[in-house]
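Let's take a friendly walk through this structure, one piece at a time. Have the sequence and the 3D view ready.

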Amino acid sequence: MSEETPAPLWEVFIRSKRGLSHNHVGSLHAPDAEMALRNARDVYTRRLEGVSIWVVPSAVITASSPDEKDSFFDPAADKAYRHPTFYSIPKEVQQL
Amino acid sequence: MTPVVAGAAAVYTLRTADDCLVLSHRLAQWSSWAPTLEDDIALTNIALDLLGQARGLYARTAELDGTGRTEDDYAFIRDEREFVNCLLVEQENGDFATTIVRQLLCSTYQLALWQALATSTDEQVAAVASKAVKETSYHRDHATDWTVRLGDGTEESHLRMESALAALWPFTGELFESDAVTSEASAIGLGPDPQALWPEWEGYVSRVLRDATLVVPESSWAPTGGRQGLHTEPFGYMVAEMQHLHRSFPGATW
């Protein structure tokens, strides 16, 4: 835990309530998974944010590169028919 | 200030409340100083849990002693000698190891106490205790985890844990002392006989210390007096710091 060898970084995902998916909320340092989970509880669920926590070593995440932004995401821009905007959504549906 | 003469029940709840408040303030002193951001938040979280427990018990004490005092009156306008917390909770934070050892010894005691108080004949005390059981279980887990990590860690961390344990162990005897107040409290079903909490406390603490490769120190010195308002030297400084704002600006609020 000293300055010379910072503990590994972990990404924290919280499920805010049953039925919803886990969302990324931030990251923290911890020497192992058990303590990462404990730290996540202390740092990210103090205000009743969650009912479930995942911690994942940041090192195992493969991320898309900013350089690939155009080829990855632009082709979706002009395909309005992929969006379910032509259906009317019943009012009772809270989470979609 | 004339000390309020109160029945045993009020003194009993006041002692329990003072333990929570003083330990809470000690942990709050770590704010912005803990070894890592994560632990800074963990320790102050625990401090806030303890503060909540203290508030519930001060509110009940004010009813029992008939003074109608507020939580602030108990926290901020009593002098050092009127606090009846045990000596263990007021011991200085020292290094991180000292705080962790104090947490292990205190939270194990408090968890056993809350479990007993959850069935108190006093409904308000039972309600505070039932909520506190969940909070304090986490406090004990936190302390247990760190005790094992540091005790069974590096040579340096082991040495620091060893010396913290040697410094704090003598103060644990006071937790299990009986007197007229505890006898009355247990006679009316308000709280347990302190000695009844000893086997569970001793069993748990020695198990954790064994896992942490630490040895229970032998000590014949058994300081006491906190329950009568006789405190150790660092406590006066802590009270002064804790009360400074309220005494400079009486009635200050957020």
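A good place to begin is where the two chains meet: in this predicted model, 8 residues of chain B are in contact with 9 residues of chain A. On the side of chain B that touches chain A, α2 and α6 (123-151) each supply at least two residues. The largest share of that side, 4 residues, comes from α2(B). Sorted by class, the side of chain B that touches chain A has 3 nonpolar, 3 polar and 2 charged residues.

Now stay with α2(B) and look at its packing within chain B. Helix α1 (residues 8-28) and helix α2 (residues 37-64) of chain B have axes that come within 8 Å and cross at roughly 155 degrees. Angles over 145 degrees count as roughly antiparallel, and α1(B) and α2(B) are therefore roughly antiparallel to each other. The contact of α1(B) with α2(B) has 18 nonpolar, 6 polar and 1 charged residues. As for handedness, α1(B) passes α2(B) in a left-handed crossing.

Turn next to chain A, where 3 strands form an open sheet in the order β2-β1-β3, with antiparallel pairing. The edges belong to β2 (23-29) and β3 (52-57) of chain A, each with a single partner strand, so one side of each is left without a neighbour in the sheet. From one strand to the next, the twist averages 30 degrees.

Zoom in on one of these pairings: strand β1 (residues 9-15) of chain A and β3(A) pair in the antiparallel sense over 6 bridges. Here Trp10(A) has Pro57(A), in β3(A), as its bridge partner. Finally, helix α1 (residues 33-44) of chain A lies across β1, β2 and β3 of chain A, and this helix runs at about 130 degrees to β3(A).

Key. Residues are numbered from 1 along each chain as its sequence is written. Chains are lettered from A and ligands numbered from 1 in the order in which they are written. This is a predicted model: local features need pLDDT of at least 70, side-chain atom pairs count only at pLDDT 80 or more; totals for chains, interfaces and linings use all residues. Axes are lines fitted to C-alpha atoms, for helices over the stretch in contact, and angles run from 0 to 180 degrees between N-to-C directions. Angles under 35 degrees count as roughly parallel, over 145 as roughly antiparallel, 65 to 115 as roughly perpendicular and the rest as oblique. A crossing is left-handed if the near helix is turned anticlockwise from the far one by less than a right angle, and right-handed if clockwise. Ala, Val, Leu, Ile, Met, Phe, Trp, Tyr, Cys and Pro count as nonpolar, Asp, Glu, Lys and Arg as charged, and the others, Gly among them, as polar. Two residues are in contact if their C-beta atoms, placed from the backbone, lie within 7 Å. Two strands pair if DSSP finds at least two bridges between them.
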